[in-house]
Amino acid sequence: AGLQPLAQQHQRDDHRGRLEIKPRRMRPVGQQRVQRQPETARVLRGGEEQQLPLLQLSVGDVVRVRPGERLPVDGVITAGHSALDESLITGESLPVPKGPGDAVIGGSLNGEGLLELRCSALGAESRLARIARLVEQAQGAKAPIQRLVDQVAAVFVPAVVAIGALTLLGWGLWTGDWGQALLHAVAVLVIACPCALGLATPAALMAGMGAAARSGILIKDAEALELARTLQIVAFDKTGTLTEGRPRLVAQGGAPELLAVAAALQAGSEHPLAAAVRDAARAAGPAVTPAAALRGVPGRGVQGEVGGALHALGSAAWLQGLGFVLPDAPEAEAQRAQGRSLSWLVRLGEAPAVLGWLAFGDELKPGAAEAVAALHGLGLRCVLISGDHRAAAEAVASRLGMDEVHAEVLPEDKARIVAQLRVQGRTGMVGDGLNDAPALAAADVGFAMSTGTEVAMAAAAVTLMRGEPGLVADAIAVSRRTVAKIRQNLFWAFAYNVVGLPLAALGGLSPMLAGAAMAFSSVSVVGNALLLTRWRARR
C-alpha cells in the first residue's frame, strides 16, 4: 500500500527535475521557488549596479545579466545582444538569438553577450512558476478512465471483503480449524489489496505528462491527455501558427523611388506590413525621412507628403475608389495567385500616377509541411481556418497538403466552424492569437503556441512551448502511448486478482506469498508506467 504515494512522489520529483522546482517548507505551489533561477540579481539603481535578493526586486527594475549566467527574472531586453539557451522551458536545445525588445524567460542561460533587461514578472507570476503550477494541477487531476477505475474499486473492495468472510466461514465450517481458516481469509485480503489497481492510471499519467513536458508539450489536465488520442480532425489557424507571423517584402515592381517613398509613408506605422517595408528599405539604402501630413485610413492604407507631393499607399480597392485605374501587371497577378498580399503606391494631386506595387508574404514555419504529413500518418484529417483572403489561404493549404480550407473567416466564426467540425468527429484546434481563443475553447482539445497570446494559452488544454506545429502530432502520440500504458496496467492489475483470489480462497497461497505477489504486482505496474519516461518527441 505504501508504493502508491511513493510512486506518485517519484513522478513529481522526476518532473521537478525537469523544471528544478523545489518546495520550501511545504508552501503552496504558487510560492515555490525555481532552483535554477539565481537567488540574487544585479539591479541597476541610481546608475549603480547592486546585488540584491530576488525578494527585493520590483516589476520595472532593470537587471544586468553577464555572459554564462542564468536570467533571474522574466523581462524584456533593453540593451545588448546574446543567444539564450531556453531548453529549460521549451525543450529546444539550440540557442535562440535575442536583442533589444525581445521577451526573455527567467531561468534561461545567457550566452556570450552582456544583457540588460526590464523585469516584467517575479516569483509566482513568472513563466516558469506558472508552468510548474499548471503541471502539478494536471498531475493531481483524474482522467475519465481513472474515475471508471474508482467506480470499479468501490465495488471491488466490498466484494473482496465478502469473499474473505466466505473463505473464513467455508474453511472453518468444513475443517473445523478456524486458525487455518483465518490464514486463508487473510491471504485473500492481502492478495486483493488494490494497490496495483490504484497505481495503474495515476502512475502512467504522471510519467506521460512528465515525458511530454520534457519535450516542450505542456498538458494542463488529465482529460486532455486522454482525449487527444481520440482526435480525428485537427484544425489550424494560419498566421503565427503555420507561418512565421512576420510578413516580409518578397517582390516589387514600378518606379525606382517606389521603396523609398513607401518607407517614408510607413515610417511611423506599427502595422506588420509597414515593418516589412521599413526592413526592406533599410537593407536597400540609407534611412528615409518620414512623410509629412500622414493620415491613415484603417483597413485601406495611408497617405502623406513625400518630396512635396501627396502620395498614397494601400489596397487596390481603396485606390480604385479614389479614381485610379491600376495597370495590368502580370508579375503582380502571379504574386497574388501565390497568396501574396499586394499594396499599390500612387501619386495624388495635379499629376496623379501609379508608381508601382509591393508584394508581401508570410513564410511557412520550418517543419509545417512535415507536421501536417505526420498528422496524416496518424490517420487525422487536417483543416485550415484563416481570416486571410481565399487565394492566400488556398496557396498555403496546397503547399501543406491540407484536406479542407476555410478562408476569410471572422474571429467570431472560427468557433462556429470548429463546432461544425466536431459533428464530423473529435476535433482539435491549433492557434496562437487572441482571435483563436474562442475556437480553442470550443474544440475537444485546444493546442496553443507559447509564442502567441496569454489568452490563447489560457483557453487551450495543451501549450506547445516551442511554438512548432510538429508538436501537435507528438502530443497525440504521447497521449496514445500513455493510454496504452494505462490499459496494460489495468490488465495486469486485474489479471493478478483473477488468478490470485481463487488460489488464496482455495488455500493455495499463504499470507506471506500473497503479500509478495501483491508487492510484485504493484512494482510491475509502476515499472511499466516508468517506461513512458523514455518517450521523446520527434526532432
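Strands 21 (residues 427–431) and 22 run parallel and are joined by 4 bridges. That pairing is a handy way into this model, which is a predicted one. From there, the briefing moves to a second set of strands, then a long look at helix 6, the aromatic pairs and the cysteines.

**Strand 22 and its neighbours**

- Strand 22 covers residues 445–449, and 5 of its 5 residues are buried.
- In a regular strand, side chains alternate between the two faces of the sheet.
- Here both faces are covered: Val445, Phe447 and Met449 are buried on one side, while Gly446 and Ala448 are buried on the other.
- On the strand 21 side, Gly428 has Val445 of strand 22 as its bridge partner.
- Strand 22 also pairs with strand 23 (residues 462–464), again in the parallel sense, over 3 bridges.
- In that second pairing, Met449 sits opposite Leu464 of strand 23.

**Strand 19 and its neighbours**

- Strand 19 spans residues 381–385 and is mostly covered, with 4 of its 5 residues buried.
- It pairs with strand 12 (residues 233–236) in the parallel sense, over 4 bridges.
- If you want a spot to click on, Ile233 has Arg381 of strand 19 as its bridge partner.
- Strand 19 also runs parallel to strand 20 (residues 404–406), and 3 bridges join them.
- Leu384 stands opposite Val405 of strand 20.
- Put helix 13 (residues 390–400) together with strands 19 and 20 and you get a right-handed β-α-β unit.

**Helix 6**

- Helix 6 takes in residues 195–214, which makes 20 residues, and it reaches 28 Å from its first C-alpha to its last, close to the 28 Å expected at 1.5 Å a residue.
- There is a bend of about 25° at Thr201, and a proline, Pro202, follows within four residues.
- Is helix 6 enclosed or open? It is largely enclosed by the rest of the structure, because 19 of its 20 residues are buried.
- Just after helix 6 comes Gly216, which takes a positive phi of about 90°.

**Aromatic pairs**

- How many aromatic pairs turn up? The count comes to 2.
- One of them is Trp171 with Trp174, a tilted pair at 5.6 Å centre to centre with 50° between the planes.
- Both of those tryptophans lie in helix 4 (residues 144–175), 3 residues apart, or about one turn of the helix.
- Trp171 is buried, because its relative accessible area is 19% and the cut-off for buried is under 20%.
- Trp174, on the other hand, is exposed, with a relative accessible area of 68%.
- Phe491 and Trp492 are also paired: their ring centres are 5.3 Å apart and their planes sit at 75°, so this pair is edge-to-face.
- Phe491 counts as exposed at 51% relative accessibility, because exposed means over 50%.
- Trp492 has a relative accessible area of 48%, so it is partly exposed.

**Cysteines**

- How many disulfides does the structure hold? There are 0.
- Cys119 is buried, with a relative accessible area of 3%.
- Cys382 is buried too, at 0% relative accessibility.

Note on methods
Residues numbered from 1 in each chain as written. Predicted model: local features only at pLDDT ≥ 70, side-chain atom pairs only at ≥ 80, totals over all residues. Heavy atoms only, no water. Buried < 20%, exposed > 50% of the residue type's maximum accessible area, 1.4 Å probe, protein only. Helix = DSSP H or I, 4+ residues; strand = E, 2+ residues; numbered from the N terminus. Pairing = 2+ DSSP bridges. Right-handed = clockwise from strand over helix to strand, strands pointing away. Disulfide = S-S within 2.5 Å. Expected span 1.5 Å × (residues − 1). Bend = angle between axes of the 7 residues up to and from the residue. Phe/Tyr/Trp six-rings, centres within 6.5 Å; stacked < 30°, edge-to-face > 60°.
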